[in-house]
Amino acid sequence: MEISERKEGNVLVVSVKGKMDAVTAPEFDKQFEGWTAAGESAFVVNFSGLEYISSAGLRSVLASAKQLKAGSGRLLFAGLRGPVREVFELSGFYSIFQIFDLEADALKKME
Amino acid sequence: MKPISELKVAARIESLPALVQSVTESARDYGFDSKLSAIELVLEEAFVNICNYSYPEGEGVAEIKCSLRDGRFIIEMADYGVPFDITSLPDPDTSKDISGRSVGGLGIFFIRKMTDYVRYERKANKNVLSLAVGLSER
């Protein structure tokens, strides 16, 4: 898993590549805690480079969302494809999160 | 039936990448290219379950055998831990919103969704879980 981030106005755009599984998901948790501790509260997570996610990855996604919700932050997703999209759909996560095809559309929603 | 691969690993999360590599390689060799994500998912969910629950007293092993049966890719996963039938768990409620959702039960839910069948047996002192992934669309 590779994580990169950049700032677009007040929004932190986080791109995740590779696999979010039981081995790598804790790394995402750690990074996310660091960002929120630094005061970030608006996130667009771009999963277009993510090839695989398991329930361990979904656990991290849900924990991040719950943490943000407690502090009225926002978390939008973009670019889910293939098996990642399928796992989001099966688990019902597709309907509880705001998900966009393109990162640009998610950023527009944040305006 | 002769297994196409057999592997014994420490029942620790760190064993997962090598296990995935080995099993997906076998699956590819036998023409299951289109099912590699499903195979990886059911393998991870079943293995992580063993890591988390089978050996509360300490460390143990997991034995993974791959074979073909009736055109399906079969993963048989055994451990010597406490008796535990993952197939007895109910499906999660996938309709709750963010604050009401937990990820408990999602592992077995994915296993059910991605396999043609899943079977649990307690054989002597072993938990044996058989996961069958077919080539047809689900």
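**Exercise 1. Identify the residues of chain A that are linked with Arg6(A) in a network of salt bridges, and characterise one bridge of that network.**

Step 1. The network of salt bridges links Arg6(A), Glu8(A) and Glu103(A). A salt bridge is here a side-chain nitrogen of Lys or Arg within 4 Å of a carboxyl oxygen of Asp or Glu. The model is predicted: local features need pLDDT of at least 70, side-chain atom pairs count only at pLDDT 80 or more, and totals for chains, interfaces and linings use all residues. Residues are numbered from 1 along each chain as its sequence is written, chains are lettered from A and ligands numbered from 1 in the order in which they are written, and side-chain values use heavy atoms, with hydrogens and water left out.

Step 2. Within the network, Arg6(A) and Glu8(A) meet through their side chains at 3.0 Å, N to O.

Step 3. Arg6(A) has a relative accessible area of 36% and is partly exposed; Glu8(A), at 35%, is partly exposed as well. For these classes, buried means under 20% relative accessible area, exposed over 50%, and partly exposed in between (1.4 Å probe, protein chains only).

**Exercise 2. Determine how Glu27(A) and Lys30(A) are placed in their helix and how far apart their closest N and O atoms are.**

Step 1. Both residues belong to helix H1 (residues 25-37) of chain A, 3 residues apart, which means a separation of about one helical turn. Helices (H or I, at least four residues) and strands (E, at least two) are DSSP runs, numbered from the N terminus.

Step 2. Glu27(A) and Lys30(A) form a salt bridge whose closest N and O atoms are 3.9 Å apart.

Step 3. Glu27(A) is partly exposed at 35%, whereas Lys30(A) is exposed at 59%.

Step 4. Over all chains, the count comes to 14 salt bridges.

**Exercise 3. Describe the interface of chain A and chain B, and locate its salt bridge.**

Step 1. The size of an interface is often given as the accessible area lost when the parts come together. For chain A and chain B, the buried area (accessible area, 1.4 Å probe, that two parts lose on being put together, summed over both) is about 2,000 Å², and carbon and sulfur atoms give 68% of this area.

Step 2. In chain A, 24 residues are in contact with 24 residues of chain B, contact meaning heavy atoms within 4.5 Å.

Step 3. The rule finds 1 salt bridge across the interface. Glu40(B) and Lys19(A) form a salt bridge, with their closest N and O atoms 3.0 Å apart.

Step 4. On the side of chain A that touches chain B, the elements giving two or more residues are E3, helix H2 (55-70), H3 and helix H4 (93-96) of chain A. H2(A) supplies the largest share, 8 residues.

Step 5. Glu40(B) counts as buried at 8% relative accessibility, and Lys19(A) as partly exposed at 30%.

Step 6. Lys19(A) also has its charged end over the ring of Tyr52(A), 5.9 Å from the ring centre. A charge sits over a ring if NZ of Lys or CZ of Arg is within 6 Å of the ring centre and within 35 degrees of the ring normal.

**Exercise 4. Analyse the aromatic pair of Phe47(A) and Phe88(A), and then that of Phe109(B) and Phe110(B).**

Step 1. The whole structure holds 13 aromatic pairs over all chains. Rings of Phe, Tyr and Trp (its six-membered ring) pair if their centres lie within 6.5 Å; planes under 30 degrees apart count as stacked, over 60 as edge-to-face and the rest as tilted.

Step 2. Phe47(A) and Phe88(A) pair edge-to-face, at 6.3 Å centre to centre and 70 degrees between the planes.

Step 3. Phe47(A) is in strand E3 (residues 42-53) and Phe88(A) in helix H3 (residues 82-91) of chain A, so the pair ties together parts that are 41 residues apart in sequence. Both Phe47(A) and Phe88(A) are buried.

Step 4. Phe109(B) and Phe110(B) form a tilted pair, with 6.2 Å centre to centre and 45 degrees between the planes. Phe109(B) counts as buried at 7% relative accessibility, and Phe110(B) at 0%.

Step 5. Ring pairs also link Phe47(A), Phe77(A), Phe88(A), Phe93(A) and Phe97(A) into a cluster.
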